[in-house]
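Student: I am new to this structure and would like a close look at a single part of it. Please take the aromatic rings of one chain and go through them slowly.

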Amino acid sequence: MWATMTKTLDDKTKAKLITQVTCVLALVALAAIDAFSVDFAVNVFVYAIIAGILFGVGGVRELVGGVREITKEIPKEADHEK
Amino acid sequence: MKNRLLNAIVKTPHYFISISKLVWRRLPYIALYTVAFAGLIGGAQYLYGQYDRQVIAKAPATNFINYTSFSVQNAREGEDVIFTLCRTHDQNYKVDGTRIVYIIPEGKSEPDKVAVHQKNFEGVIDSGNCQSYFIRNNEYYFKPGKYLITLNLDFKVKYDIGKTIYVKSEPFTIYPQPTGTNDVQAQLNILRQQIQDQQEIINRLSFQSDQSSSQGEANGTIGTNTPPTTQAVTPATGNSNNSGSAGNSGNTTPPPTVKPCRLNVLGIGLLC
């Protein structure tokens, strides 16, 4: 299903998705390192840059809303297949 | 699955280029959001830091180091005094402080204490909860009586905020030595004087025995063992017990040589 949905995505949308998911994972990883390590502290600017990229590339609403928001045309085809 | 993986690997440079183009195209928005988030997170950190600083400044010192017990063992005059400090602490703080020894005059109570000794010190709190320390006899000489010790400690916590803690021991007693004079030092001086007197006697006796043996040989009275006397004997006139004293005046006896000897008195090595 994921392959079917992502096939319809253009390169720009795919790049956006990849960038956003990578930024979210990086933020989570850095927050975990900051929380559990005693001597190492992540700089504020690192968080700011990653969050800036995450929101700057745009389409966060679609990301939060789900893939359905991204592939608005798919539901018609999925309903039709059912 | 294998095809999908191969496909992904082949398309990776393509995705990399697409992502780079996307980031480059959206750079102004990225910069704007970066500055906004930096301000937001920095501001939140600053506000939290100020709040935390106030909380720590208002917290009592016992929140960081709390002394639960300060006991001092009774001792005798001339001995080292041992005291034990028990405390809880969340870090091994570096402390510097002042230790004051008070004496409580006989018949008086704690409020009438008098300071007799003060020492500044520095150190790091050990990891354990209880630690014993010494006040050496050469550091302060405790005469018989009742005493009290206080500690005033300064240390720094988070944000370099200074804290001070004051702790007081229970009164303890120094008892006199059980035998002879109370003053151990006086006893030692008496013993030293006795040793010196004995040493002089030994020196005189050994000199006399050397003198008598050398003069006996010169007069041909070899083998006569005249016992040395404690009476005054001069080297030139000879011994009165010796029958050959008439011949002594003409003798050119060599000067007596004092043989070096070593005595071990009370564990102290003395040269004769």
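Tutor: What follows is a walk through the aromatic rings of chain B, with a short look at the strands around them. The model is a predicted one.

A word on how rings are described comes before the examples. A pair of aromatic rings is described by the distance of the centres and the angle of the planes. Rings pair if their centres lie within 6.5 Å. By this rule there are 9 aromatic pairs over all chains.

Take Tyr93(B) and Phe155(B). Their ring centres are 5.1 Å apart and their planes meet at 45°, so the pair is tilted; planes under 30 degrees apart would count as stacked, and over 60 as edge-to-face. Tyr93(B) belongs to the loop between S3 and strand S4 (94–104) of chain B, while Phe155(B) belongs to strand S7 (residues 145–156) of chain B, so the pair ties together parts that are 62 residues apart in sequence. Are these two residues buried or exposed? The cut-off for buried is under 20% relative accessible area. Tyr93(B) has a relative accessibility of 4% and therefore counts as buried. Phe155(B), with a relative accessible area of 3%, is buried too.

A second pair is made by Tyr140(B) and Phe142(B). Here the centres lie 4.8 Å apart and the planes stand at 90°, so this pair is edge-to-face. Both Tyr140(B) and Phe142(B) are buried. They also belong to one aromatic cluster, together with Tyr147(B) and Phe172(B).

Charged side chains meet rings in this chain as well. Arg136(B) lies over the face of Phe134(B), 4.5 Å from the ring centre. For Lys113(B), the charged end sits over the ring of Tyr102(B), and the distance to the centre of that ring is 5.0 Å.

Now the strands. Chain B has an open sheet of 3 strands, in the order S1-S3-S6, with antiparallel pairing. Its edge strands are strand S1 (65–72) and strand S6 (130–135), each of which pairs on one side only. From one strand to the next, the twist averages 25°. S1(B) pairs with strand S3 (residues 81–89) of chain B in the antiparallel sense, over 7 bridges. As an example of residues facing each other across strands, Asn66(B) has Thr88(B) in S3(B) as its bridge partner.

To return to the rings, the two pairs described here are Tyr93(B) with Phe155(B), which is tilted, and Tyr140(B) with Phe142(B), which is edge-to-face.

Definitions and conventions. Residues are numbered from 1 along each chain as its sequence is written. Chains are lettered from A and ligands numbered from 1 in the order in which they are written. This is a predicted model: local features need pLDDT of at least 70, side-chain atom pairs count only at pLDDT 80 or more; totals for chains, interfaces and linings use all residues. Side-chain values use heavy atoms; hydrogens and water are left out. Two strands pair if DSSP finds at least two bridges between them. Helices (H or I, at least four residues) and strands (E, at least two) are DSSP runs, numbered from the N terminus. Axes are lines fitted to C-alpha atoms, for helices over the stretch in contact, and angles run from 0 to 180 degrees between N-to-C directions. Rings of Phe, Tyr and Trp (its six-membered ring) pair if their centres lie within 6.5 Å; planes under 30 degrees apart count as stacked, over 60 as edge-to-face and the rest as tilted. Buried means under 20% relative accessible area, exposed over 50%, partly exposed in between (1.4 Å probe, protein chains only). A charge sits over a ring if NZ of Lys or CZ of Arg is within 6 Å of the ring centre and within 35 degrees of the ring normal.
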